[in-house]
Amino acid sequence: MAAFYADLAAGELDAACGWWTDDYTAASVEEWNEGGYGQQVASCPELLQNIVDTLAIVGDPAEQLAVTDLRSTAAGPAEARVVVTLAAADEPETYLLTRTDDGWRINGHEAGDLGPGQR
């Protein structure tokens with residue numbers, strides 16, 4: 001999770017998207033477009049760019065996306081829940097991770113104040 005946010009804060013959107021599973025990417029793009037959160041997007045990098053652009057309205061996205069706390073618990077042999085607190089977040093984000101052949105990847109989240117709804 002720290003690597004995802006570091007990539008996102010650095011504007012490395014393709015690298016940040018590499019931390020997402022294909023299913024999570026598809027669901028997030030669909031939810032973004034259906035939820036009216038902003039400009040319609042066709043890909044993960046476009047979605048993340050919209051989020052970064054929104055954050056930039058109120059300050060430096062790199063400062064806002066700084067991870068200030070990170071806690072994880074196993075939810076099974078190939079699943080984990082990770083609670084991440086960001087510098088700009090009023091509430092922590094909870095992410096669902098799954099172990100893949102490429103390592104741990106983000107497969108879902110429960111809403112905080114930076115992303116679309118619960119998975």
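**View 1. The β3–β4 hairpin of this predicted model.** Two residues sit between strands β3 (93–100) and β4 (103–110). Strands here are DSSP E runs of at least two residues, and helices are H or I runs of at least four, both numbered from the N terminus. β3 and β4 run antiparallel and pair over seven bridges; two strands count as paired if DSSP finds at least two bridges between them. Look for Thr 94, which stands opposite Glu 110 in β4.

**View 2. From β2 to β3.** This hairpin takes six residues to get from β2 to β3. The pairing is antiparallel again, over six bridges, and Val 84 stands opposite Glu 93 in β3.

**View 3. Helix α1, residues 2–9.** Phe 4, Tyr 5, Asp 7 and Leu 8 are buried (under 20% relative accessible area, 1.4 Å probe, protein chains only). They cover an arc of only 160° around the axis, so they lie on the same side of α1; the arc is taken from the directions from the helix axis to the C-beta atoms. Their cover includes α2 (13–17) and α4. After α1 comes Gly 11, with a positive phi near 80°.

**View 4. Helix α3, residues 22–35.** Among the buried residues of α3 are Tyr 24, Val 29 and Trp 32. What covers the buried residues includes α4 (44–56), β3 and β4. Gly 36 follows α3, and its phi is positive, near 65°.

**Notes.** Residues are numbered from 1 along each chain as its sequence is written. The model is predicted, with local features needing pLDDT of at least 70, side-chain atom pairs counting only at pLDDT 80 or more, and totals for chains, interfaces and linings using all residues, while side-chain values use heavy atoms and leave out hydrogens and water.

Note on methods
Expected span 1.5 Å × (residues − 1). Buried < 20%, exposed > 50% of the residue type's maximum accessible area, 1.4 Å probe, protein only. Contact = heavy atoms within 4.5 Å.
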